[in-house]
Amino acid sequence: MAKPLIVCRDLSIIYNQGKSNEFKALTGVNTDIYEGEYIILFGASGSGKSTLMYSIQGSLPPGEGTLLIKGDDIYSYPPSERVYFQRYVMGIIFQSFNLIGSLSVLDNVALPMIFCDAEKTTRERRAQSLLDRFGVGHVSHKIPAMLSGGQQQRVSVARSMVNDPRILLADEPTGNLDSVSTQQVMDKIDEINTFDKRTIIMVSHNAAHLSYAHRVYYLKDGYVVREVVNPQRKQIKPVREGETIVTELEQLARLYPYDSVDTLRVKSMVNFLTQDYTYTQIGRLEHAISLFIKGKIDRDTFIKGLVLKHEQGGVEMQEKEARKMAHTTEILMSQSDDIRRFRAKKENDDIFFSQHKLAERLRDHLMGVYRIKLNKKQDEHLVEMIADRVTGVSEESQFNERMLRGVRNGGLGLDVKEADELTRYFEKIIAQGVDVSYKS
Amino acid sequence: MRVQDLAQLSTRMFKTNPLRTWLTILGMGVGTGAVVVLVGLGFGLQKIILEQIVFGETLLSLGVSATGSQNLKLDPETVDTFKNFPEVQDASPLARFPALVTYKGLTGNVFIQGVEPSYLRYAGITATFGDVFTDDDAGDTNSIMLSPATLKLFGIDDEESFVGKKVSFRLLVPAEDGSGDINEVPIDKEYTVRGITKEQGVLNALMMLPELRNHVGIEEYERIQVRVDTNENLPIVEAKLIEEGYRVTALSKTVEQASKIFQGIQAVLATFGGIALIVSAIGMFNTMTVTLLERTKEIGIMRTIGASPKDVKNLFISESIVVGFLGGISGILMGVMIGGSINILLNIVAGQFGGQAVSLFSFPLGFLAFIAIFSAAVGYLTGVFPARRAATLNPLDAIRYE
């Protein structure tokens with residue numbers, strides 16, 4: 001059995017030990033990382049994931065336990081000799097790039113080689129070839145400030161690789177990047193792992209990146225709470241048969257990255273109790289609905305996809321059920337159009353669809369679906385309630401409460417069951433029809 | 001890290017922070033400039049004194065004169081006695097008579113001094129203009145040398161133009177009958193002025209002793225210059241002569257004392273300069289400390305990508321050495337420029353007022369080289385503490401420092 005490249009045994013790291021502000025950043029961490037693995041240390045901020053990475057990097061001596069790199073306890077060396085590891089064994093990428101502003105891009109990349117006494121021509125050739133490889137060769141003579149964030153991060157990837165280290169450490173490398181740059185950088189790091197066969201240890205809190213890794217260590221409050229194997233990648237870490245098996249929990253962990261194992265078990269159970277569909281089926285159904293509501297597939301294709309056998313990539317449900325789903329989806333989508341029109345009214349008034357008319361149409365639809373007869377007073381109230389809810393004057397709970405309220409008090413006087421169903425249905429329409437812009 | 005890379009990395013501040021870097025250098029420059037100017041002044045003063053004195057034989061000579069209290073006389077026998085001292089190489093007398101000098105109808109009082117050429121060497125008398133008497137001139141009967149003050153008698157400012165002019169003398173000799181009367185002995189010929197001496201503040205005319213003897217009988221000398229063979233014997237002979245009751249003046253002693261005084265002056269001046277230098281060094285230290293804080297993050301980055309603590313330390317030290325050294329160079333330039341321009345200014349003023357041109361400031365090359373090296377050393381000292389601190393920073397704390 002191959003020996004692990006990095007071994008942590010009962011590793012604890014305590015900040016400000018012995019002082020009043022003592023803080024235990026890591027407790028009893030055990031990890032085995034093998035040559036060529038892509039490891040993600042995952043957790044919320046303050047979970048100790050960066051602490052673990054910097055400890056491996058050689059900047060944070062463990063308070064207790066052992067840390068071995070290639071069988072060497074790097075903290076047994078004085079700082080002047082420990083740099084050997086930082087020079088030849090490890091490269092590092094930071095969230096904030098950390099390029100040196102007063103040096104050109106080329107010199108930044110060549111800097112680690114300067115510390116290794118490399119010849120000027122040698123190191124510049126090496127730096128330029130790496131910059132070319134990562135698509136930033138054309139800016140090598142600019143200073144870092146003139147580059148975009150994505151370019152800077154690719155420069156820093158080049159810098160981390162300049163001494164051809166066996167381990168690449170990355171501290172949230174995409175934390176400061178837009179989605180396009182994030183993709184580029186993640187692809188480059190993946191390439192370094194799969195093509196150059198380098199070991200990657202990445203700190204991240206972005207669940208979208210988990211699929212890149214062989215294994216993910218989940219950290220919380222200084223503990224490694226879970227180690228999850230990525231079933232999509234061929235594992236490097238030797239696994240003894242039956243020791244750990246890939247379970248549904250691994251799948252769930254990717255859906256709910258911040259939840260603990262216990263919560264995931266509960267989720268698994270609840271799913272089984274309340275839903276007839278498996279997670280795979282739900283995943284495929286989501287995909288089909290996504291295409292359908294965007295108008296990328298028509299009704300028949302949608303139904304066909306739902307009915308299709310599991311082995312053929314379908315959801316494998318009854319045709320009757322599938323048709324019903326298609327029908328409901330269509331109604332919800334058409335009604336949500338009215339919501340959209342209603343909200344668009346704020347800007348320009350359309351004589352064909354006045355807001356009142358739209359609210360009346362929504363009212364008629366709701367009455368039609370739930371077959372409720374209302375008197376004139378109730379009609380007026382409902383139109384008013386719809387208008388209030390759609391414009392945002394009232395919230396879901398207020399909407400629901402007014403349905404229950406007596407007619408004299410401006411409500412509808414419905415019973416609880418009716419009111420809840422109606423509210424839920426209407427909220428679904430609103431959810432589809434309201435444009436949401438998330439503020440970041 | 002290789003030296004050339006270190007040099008490249010440690011001169012980045014000229015690009016990233018040119019204003020502050022140059023101001024720091026200027027600060028150091030003003031400090032070292034003050035030292036250069038003040039010590040240069042000390043050197044200059046010393047040089048002025050020493051330039052007036054001829055070295056060599058002059059320093060090995062003792063001036064001997066009679067005290068008058070004891071019944072000692074300086075006569076030709078005395079000269080021979082002195083010459084017979086084992087440590088004495090030679091003795092050369094000086095006879096002196098008051099006289100009247102006449103030039104183009106103007107007459108003034110002077111002293112005529114009759115000497116042998118060797119006396120001039122032993123006493124360190126040299127010519128500002130014209131020629132001094134040499135051994136070949138021992139039998140000269142036609143020329144004399146004048147001290148600059150004599151020319152003032154005739155209202156002549158341009159000393160050089162007086163060389164070659166002719167003057168006549170009347171000797172004033174005490175009557176031999178002891179009555180105290182003074183007889184006037186006219187010398188019936190004109191002498192050519194062959195040179196102007198450097199002696200200040202005295203009215204002297206130098207002529208060869210045999211020529212003087214042609215006109216007046218010399219019984220007694222005013223003074224005898226005794227040339228001692230070696231430096232070690234100087235105090236021995238001096239002590240012997242003093243013991244015999246003579247008054248002895250040694251130029252070497254004067255020079256020694258003058259040197260000591262000027263060393264003292266130099267030390268005082270250097271102290272003031274040193275204070276200025278310390279002030280600027282503290283300023284530089286402050287700048288280096290601020291630079292350290294400012295670059296904490298950079299240090300952290302460098303440490304995490306493979307710089308050893310020593311690399312970081314060297315980087316800081318070489319930066320401050322560069323600043324210190326350039327400060328020293330700029331200080332030298334400033335100091336030499338200030339001193340040089342004062343020299344020029346003084347010479348112009350001296351020329352206007354007819355005084356002698358002097359260099360008040362003097363900058364020996366060795367001293368300037370020392371200042372350049374010294375300022376680099378000051379740079380090293382101001383850099384070494386921040387550098388040591390930079391080297392011991394925890395890289396992780398450093399990298400998170402904003």
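These are my notebook entries on a predicted model of two chains, A and B.

**Entry 1: confidence**

I began with the scores. The predictor gives the complex an ipTM of 0.71 and a pTM of 0.67. For chain B I noted an average pLDDT of 85. In that chain, 96% of the residues score at least 70. I keep one caution in mind: where pLDDT is low, the predicted coordinates should not be read in detail.

**Entry 2: the two chains**

Next I took an inventory. Chain A has 440 residues, and 36% of them are buried. I listed 15 helices and nine strands for chain A. Chain B has 402 residues, with 38% buried. Its inventory reads 14 helices and eleven strands.

I then looked up contact range, taking contacts with a separation of 6 or more. In chain A, residues 24 or more positions apart account for 61% of these contacts. In chain B, the corresponding share is 82%.

**Entry 3: nonpolar cores**

Which residues have the most contacts inside the largest nonpolar core? I found A:Leu41, A:Val109, A:Ala158 and A:Ile201. This core has 117 residues. Helix α3 of chain B, residues 18–52, gives the largest share of the core, with eleven residues. Another core lies apart from it and has 48 residues. B:Leu60, B:Leu62, B:Val64 and B:Ile112 are among them.

I followed A:Leu41 further. Leaving out residues up to four places away in sequence, I listed what A:Leu41 touches: A:Lys49, A:Leu52, A:Met53, A:Ile201, A:Val203, A:Tyr217 and A:Leu219. A:Ile201 is thus a contact of A:Leu41 and also one of the residues with the most contacts inside the core. As general background, nonpolar side chains tend to be buried together in soluble globular proteins.

**Entry 4: strands of chain A**

I traced an open sheet of six strands in chain A. The order is β5-β6-β7-β3-β8-β9, and the pairing is mixed. Which strands are at the edges? They are β5 (90–93) and β9 (223–229) of chain A, and each pairs on one side only. The twist from one strand to the next averages 15°.

At the β5 edge I checked the partner strand. β5(A) runs parallel to β6 of chain A, residues 167–171, and four bridges join them. A:Ile92 has A:Leu169 in β6(A) as its bridge partner.

I also looked at β1 of chain A, residues 6–15. β1 pairs with β2 of chain A, residues 23–33, in the antiparallel sense over seven bridges. There, A:Ile14 is bridged to A:Lys24 in β2(A). β1(A) also pairs with β4 of chain A, residues 64–69. That pairing is antiparallel too, over five bridges. A:Arg9 stands opposite A:Thr66 in β4(A).

**Entry 5: strand β8 of chain B**

Is β8 of chain B, residues 191–197, mostly covered or mostly uncovered? It is mostly covered: six of its seven residues are buried.

I tabulated three of its pairings.

| Strand of chain B | Sense with β8(B) | Bridges | Facing residues |
|---|---|---|---|
| β4 (127–130) | antiparallel | three | B:Phe129 and B:Ile196 |
| β5 (143–146) | parallel | four | B:Ile144 and B:Val193 |
| β6 (166–174) | antiparallel | two | B:Val167 and B:Tyr191 |

**Entry 6: where the chains meet**

I turned to the interface. Here 20 residues of chain B are in contact with 20 residues of chain A. Which helices of chain B each supply at least two residues of the side that touches chain A? I noted α2 (13–16), α11 (296–304), α12 (309–352) and α14 (395–399). By type, this side of chain B divides into eight nonpolar, five polar and seven charged residues.

**Entry 7: B:Glu294**

My last lookup was B:Glu294, placed in helix α10 of chain B, residues 251–294. Why is B:Glu294 classed as partly exposed? Because 13 other C-beta atoms lie within 10 Å; exposed would need 12 or fewer, and buried 20 or more.

I also checked B:Glu294 against B:Glu402. They are 108 residues apart in sequence. In space, their C-alpha atoms are 8.4 Å apart.

Conventions. Residues are numbered from 1 along each chain as its sequence is written. Chains are lettered from A and ligands numbered from 1 in the order in which they are written. This is a predicted model: local features need pLDDT of at least 70, side-chain atom pairs count only at pLDDT 80 or more; totals for chains, interfaces and linings use all residues. A nonpolar core is a set of buried Ala, Val, Leu, Ile, Met, Phe, Trp, Tyr and Cys residues joined through C-beta atoms within 7 Å. Two residues are in contact if their C-beta atoms, placed from the backbone, lie within 7 Å. Two strands pair if DSSP finds at least two bridges between them. Axes are lines fitted to C-alpha atoms, for helices over the stretch in contact, and angles run from 0 to 180 degrees between N-to-C directions. pLDDT is the predictor's confidence in each residue, from 0 to 100. Ala, Val, Leu, Ile, Met, Phe, Trp, Tyr, Cys and Pro count as nonpolar, Asp, Glu, Lys and Arg as charged, and the others, Gly among them, as polar.
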